[in-house]
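I opened this model to look up a few local features. My notes follow, in the order I checked them.

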Amino acid sequence: MGVPKYQIIRNELEAEILSGDFKPGDRFYSERDLIERFNVSSITVIRAIRDLADMGYVVRRQGLGTFITRARKRQRVEFSDIEVFSSHAQDETVEVIRFERGTDPEVAKIMKLRAGESYWTIERVRAVEGEPFLVSESHIPERFIDPDADPTRYQSIYGFIREAFGIALYDEASYEVDTIEMPIPERIARLMACDMNTPCVRQEKTTTLDDGTVIEHVIGYKRWDFYKIELRSSPV
(Lines give C-alpha, C1' and ligand atoms only; values in the text may rest on other atoms or scores of the structure.)
Protein backbone atom coordinates (compact mmCIF):
# COMPACT_ATOMS: atom_id res chain seq x y z
CA MET A 1 0.00 0.00 0.00
CA GLY A 2 1.37 3.41 -0.99
CA VAL A 3 1.77 6.39 1.31
CA PRO A 4 -1.47 8.43 1.51
CA LYS A 5 -1.34 11.68 -0.45
CA TYR A 6 -2.03 13.84 2.59
CA GLN A 7 1.02 12.36 4.37
CA ILE A 8 3.24 13.12 1.38
CA ILE A 9 2.00 16.71 1.42
CA ARG A 10 2.40 16.97 5.19
CA ASN A 11 5.97 15.65 5.07
CA GLU A 12 6.94 18.04 2.27
CA LEU A 13 5.47 21.01 4.13
CA GLU A 14 7.12 19.95 7.39
CA ALA A 15 10.51 19.82 5.67
CA GLU A 16 9.88 23.27 4.22
CA ILE A 17 9.05 24.68 7.67
CA LEU A 18 12.14 23.09 9.22
CA SER A 19 14.36 24.43 6.44
CA GLY A 20 13.91 27.92 7.85
CA ASP A 21 11.96 29.39 4.94
CA PHE A 22 9.31 30.47 7.43
CA LYS A 23 9.77 32.32 10.70
CA PRO A 24 7.52 32.04 13.79
CA GLY A 25 4.40 34.12 13.23
CA ASP A 26 4.62 34.07 9.41
CA ARG A 27 1.45 33.43 7.43
CA PHE A 28 1.48 29.92 5.95
CA TYR A 29 0.05 28.81 2.61
CA SER A 30 -3.71 29.07 2.16
CA GLU A 31 -5.79 26.01 1.40
CA ARG A 32 -6.32 27.33 -2.12
CA ASP A 33 -2.55 27.69 -2.62
CA LEU A 34 -1.98 24.07 -1.60
CA ILE A 35 -4.89 22.70 -3.64
CA GLU A 36 -3.43 24.29 -6.77
CA ARG A 37 0.17 23.37 -5.91
CA PHE A 38 -0.46 19.68 -5.29
CA ASN A 39 -3.50 19.26 -7.53
CA VAL A 40 -5.54 17.55 -4.81
CA SER A 41 -8.90 17.99 -3.13
CA SER A 42 -9.59 20.37 -0.27
CA ILE A 43 -10.17 17.36 2.03
CA THR A 44 -6.61 16.14 1.41
CA VAL A 45 -5.13 19.58 2.05
CA ILE A 46 -7.16 20.12 5.22
CA ARG A 47 -6.03 16.77 6.62
CA ALA A 48 -2.36 17.61 5.96
CA ILE A 49 -2.71 21.02 7.63
CA ARG A 50 -4.50 19.47 10.62
CA ASP A 51 -1.59 17.06 11.05
CA LEU A 52 0.87 19.96 11.00
CA ALA A 53 -1.24 21.74 13.60
CA ASP A 54 -1.37 18.62 15.80
CA MET A 55 2.43 18.37 15.53
CA GLY A 56 2.76 21.97 16.72
CA TYR A 57 4.13 23.50 13.52
CA VAL A 58 1.18 25.71 12.59
CA VAL A 59 -1.88 27.27 14.16
CA ARG A 60 -5.15 27.89 12.33
CA ARG A 61 -7.04 31.11 13.08
CA GLN A 62 -10.64 31.31 12.01
CA GLY A 63 -11.14 33.93 9.33
CA LEU A 64 -7.44 34.87 9.25
CA GLY A 65 -5.60 31.84 7.90
CA THR A 66 -2.80 29.52 8.98
CA PHE A 67 0.36 30.76 10.72
CA ILE A 68 3.69 29.29 11.77
CA THR A 69 3.67 28.56 15.49
CA ARG A 70 6.15 30.04 17.94
CA ALA A 71 6.69 26.64 19.57
CA ARG A 72 10.29 25.43 19.79
CA LYS A 73 10.41 22.65 17.23
CA ARG A 74 13.62 20.76 16.45
CA GLN A 75 15.57 22.77 18.98
CA ARG A 76 17.78 21.58 21.81
CA VAL A 77 16.45 22.84 25.14
CA GLU A 78 18.72 22.89 28.19
CA PHE A 79 16.94 22.74 31.53
CA SER A 80 18.61 23.81 34.75
CA ASP A 81 17.12 23.54 38.21
CA ILE A 82 18.77 26.46 39.97
CA GLU A 83 19.47 26.29 43.70
CA VAL A 84 18.19 29.60 45.07
CA PHE A 85 20.30 29.31 48.21
CA SER A 86 23.71 28.75 46.62
CA SER A 87 25.36 31.33 48.87
CA HIS A 88 24.44 29.16 51.86
CA ALA A 89 25.39 25.79 50.36
CA GLN A 90 27.69 25.05 53.29
CA ASP A 91 24.62 25.01 55.56
CA GLU A 92 22.77 22.37 53.53
CA THR A 93 22.03 18.96 55.06
CA VAL A 94 20.64 15.71 53.65
CA GLU A 95 19.03 13.10 55.90
CA VAL A 96 18.16 9.58 54.76
CA ILE A 97 14.90 8.77 56.55
CA ARG A 98 13.99 5.54 54.75
CA PHE A 99 16.15 2.82 53.19
CA GLU A 100 14.25 -0.35 52.40
CA ARG A 101 13.30 -2.84 49.71
CA GLY A 102 10.38 -1.55 47.62
CA THR A 103 7.18 -3.49 47.06
CA ASP A 104 4.95 -1.24 44.94
CA PRO A 105 4.07 -3.08 41.68
CA GLU A 106 3.34 0.21 39.91
CA VAL A 107 6.86 1.44 40.62
CA ALA A 108 8.29 -1.90 39.45
CA LYS A 109 6.34 -1.52 36.21
CA ILE A 110 7.69 1.98 35.62
CA MET A 111 11.22 0.73 36.21
CA LYS A 112 10.83 -2.18 33.75
CA LEU A 113 12.60 -4.52 36.15
CA ARG A 114 14.02 -7.86 35.08
CA ALA A 115 12.15 -11.03 36.02
CA GLY A 116 12.66 -11.66 39.73
CA GLU A 117 14.40 -8.33 40.29
CA SER A 118 13.29 -5.89 42.96
CA TYR A 119 14.13 -2.30 43.77
CA TRP A 120 15.08 -0.28 46.82
CA THR A 121 13.48 2.88 48.13
CA ILE A 122 15.66 5.68 49.47
CA GLU A 123 13.80 8.64 50.94
CA ARG A 124 15.69 11.77 51.87
CA VAL A 125 14.97 15.21 53.30
CA ARG A 126 17.11 18.16 52.23
CA ALA A 127 17.30 21.26 54.37
CA VAL A 128 19.21 24.53 54.35
CA GLU A 129 20.01 26.29 57.59
CA GLY A 130 17.76 23.72 59.29
CA GLU A 131 14.76 24.49 57.08
CA PRO A 132 13.46 21.48 55.09
CA PHE A 133 12.66 22.34 51.47
CA LEU A 134 12.76 19.03 49.55
CA VAL A 135 11.52 15.51 50.19
CA SER A 136 12.56 12.96 47.57
CA GLU A 137 11.78 9.27 47.24
CA SER A 138 14.21 7.49 44.90
CA HIS A 139 13.71 3.99 43.52
CA ILE A 140 16.87 2.16 42.46
CA PRO A 141 17.22 -1.39 41.00
CA GLU A 142 18.61 -3.76 43.61
CA ARG A 143 21.72 -4.55 41.56
CA PHE A 144 22.85 -0.96 42.11
CA ILE A 145 22.31 -1.11 45.87
CA ASP A 146 24.43 -2.43 48.74
CA PRO A 147 21.75 -3.50 51.25
CA ASP A 148 24.32 -3.83 54.04
CA ALA A 149 25.67 -0.31 53.61
CA ASP A 150 25.13 2.40 56.17
CA PRO A 151 22.15 4.40 54.83
CA THR A 152 24.16 7.59 55.19
CA ARG A 153 26.16 6.47 52.15
CA TYR A 154 23.07 7.31 50.12
CA GLN A 155 22.88 10.94 51.19
CA SER A 156 24.19 11.46 47.65
CA ILE A 157 22.76 8.70 45.47
CA TYR A 158 24.47 10.08 42.38
CA GLY A 159 27.78 10.16 44.25
CA PHE A 160 27.39 6.55 45.39
CA ILE A 161 26.46 5.30 41.89
CA ARG A 162 29.42 7.14 40.39
CA GLU A 163 31.91 5.76 42.91
CA ALA A 164 30.56 2.20 42.93
CA PHE A 165 29.73 1.72 39.24
CA GLY A 166 31.44 4.53 37.37
CA ILE A 167 28.09 5.84 36.10
CA ALA A 168 27.51 9.60 36.00
CA LEU A 169 23.73 9.83 36.24
CA TYR A 170 23.69 13.52 35.32
CA ASP A 171 24.99 12.51 31.87
CA GLU A 172 22.36 9.81 31.25
CA ALA A 173 19.06 10.26 29.45
CA SER A 174 16.21 11.37 31.70
CA TYR A 175 12.57 12.38 31.51
CA GLU A 176 11.09 14.76 34.08
CA VAL A 177 7.64 16.18 34.67
CA ASP A 178 7.15 19.05 37.14
CA THR A 179 3.70 20.05 38.40
CA ILE A 180 2.48 22.50 41.03
CA GLU A 181 0.53 20.83 43.83
CA MET A 182 -1.58 22.37 46.57
CA PRO A 183 -2.58 20.97 48.94
CA ILE A 184 0.31 18.57 49.32
CA PRO A 185 0.13 15.15 51.03
CA GLU A 186 -0.07 15.39 54.80
CA ARG A 187 3.05 13.26 55.25
CA ILE A 188 5.11 15.50 52.97
CA ALA A 189 3.91 18.61 54.80
CA ARG A 190 4.91 17.03 58.09
CA LEU A 191 8.41 16.18 56.83
CA MET A 192 8.88 19.71 55.51
CA ALA A 193 7.41 21.26 58.67
CA CYS A 194 4.93 23.30 56.65
CA ASP A 195 1.20 23.62 56.10
CA MET A 196 -0.53 21.28 53.62
CA ASN A 197 -1.58 24.40 51.66
CA THR A 198 2.01 25.44 51.08
CA PRO A 199 2.51 25.23 47.28
CA CYS A 200 5.10 22.67 46.20
CA VAL A 201 6.53 21.47 42.92
CA ARG A 202 6.06 17.75 42.44
CA GLN A 203 9.01 16.47 40.42
CA GLU A 204 8.86 13.00 38.86
CA LYS A 205 11.98 11.92 36.99
CA THR A 206 13.13 8.70 35.33
CA THR A 207 16.78 8.16 34.32
CA THR A 208 17.62 5.50 31.74
CA LEU A 209 20.96 4.01 30.66
CA ASP A 210 21.92 3.37 27.03
CA ASP A 211 20.92 -0.30 27.30
CA GLY A 212 17.39 0.65 28.38
CA THR A 213 17.92 0.03 32.09
CA VAL A 214 15.88 2.38 34.27
CA ILE A 215 18.48 3.16 36.92
CA GLU A 216 16.45 5.68 38.89
CA HIS A 217 12.85 6.72 39.31
CA VAL A 218 12.32 9.54 41.78
CA ILE A 219 9.36 11.50 43.06
CA GLY A 220 10.15 14.66 44.94
CA TYR A 221 8.28 17.56 46.51
CA LYS A 222 10.10 20.90 46.50
CA ARG A 223 8.81 24.00 48.23
CA TRP A 224 7.80 26.68 45.74
CA ASP A 225 10.06 29.37 47.24
CA PHE A 226 13.08 27.13 46.66
CA TYR A 227 12.18 26.37 43.06
CA LYS A 228 13.71 28.22 40.11
CA ILE A 229 14.42 26.96 36.61
CA GLU A 230 16.38 28.22 33.63
CA LEU A 231 15.65 27.23 30.02
CA ARG A 232 18.05 27.77 27.13
CA SER A 233 17.29 26.76 23.54
CA SER A 234 19.54 26.40 20.52
CA PRO A 235 19.17 24.90 17.02
CA VAL A 236 19.86 21.17 16.77
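Before the hairpin, I fix my terms: I call two strands paired if DSSP finds at least two bridges between them. I also keep in mind that the model is predicted.

**Entry 1, the hairpin.** I looked up strand 1, residues 58-61, and strand 2, residues 65-68. They pair in the antiparallel sense, over 4 bridges. I picked Arg60 and asked which residue in strand 2 is its bridge partner. I found Thr66. Then I turned to the link. The two strands form a hairpin with 3 residues between them. I checked the turn for a positive phi and found one at Gly63, about 80°.

**Entry 2, the sheet.** Next I asked in what order the strands of the open sheet lie. I read 4-5-6-9-8-7, for 6 strands with antiparallel pairing. Strand 4 (92-101) and strand 7 (173-181) are the edge strands, as each pairs on one side only. I noted a twist that averages 15° from one strand to the next. I then took up strand 6, residues 131-141, and strand 9, residues 214-223. They run antiparallel, and 6 bridges join them. In this pair I looked up His139 and found that its bridge partner in strand 9 is His217.

**Entry 3, helix 2.** I moved to helix 2, residues 31-38, and asked which of its residues are buried. I listed Leu34, Ile35 and Phe38. Viewed down the axis of helix 2, the buried residues fall within an arc of 105°, so they line one face. I then checked the face turned away from that buried side. There I found Arg32 and Glu36, both exposed. What covers the buried residues of helix 2? I found that the cover includes helix 1 (5-18) and helix 3. Last, I looked just past the end of helix 2. Asn39 follows, with a positive phi near 55°.

**Entry 4, Thr44.** I stayed with helix 3, residues 42-54, where Thr44 has its place. Is Thr44 buried or exposed? I read 18% relative accessibility. The cut-off for buried is under 20%, so Thr44 counts as buried. I looked for a polar partner of the Thr44 side chain. The side chain of Ser41 joins it in a polar contact of 3.2 Å. I then set aside residues up to four places away in sequence and asked what Thr44 touches. I noted Lys5, Tyr6 and Ile9.

How values were computed. Residues numbered from 1 in each chain as written. Predicted model: local features only at pLDDT ≥ 70, side-chain atom pairs only at ≥ 80, totals over all residues. Heavy atoms only, no water. Axes fitted to C-alpha atoms, helices over the stretch in contact; angles between N-to-C directions. Buried < 20%, exposed > 50% of the residue type's maximum accessible area, 1.4 Å probe, protein only. Polar contact = N/O pair within 3.5 Å; in protein donor to acceptor, adjacent residues only side chain to side chain. Contact = heavy atoms within 4.5 Å. Arc of directions from axis to C-beta.
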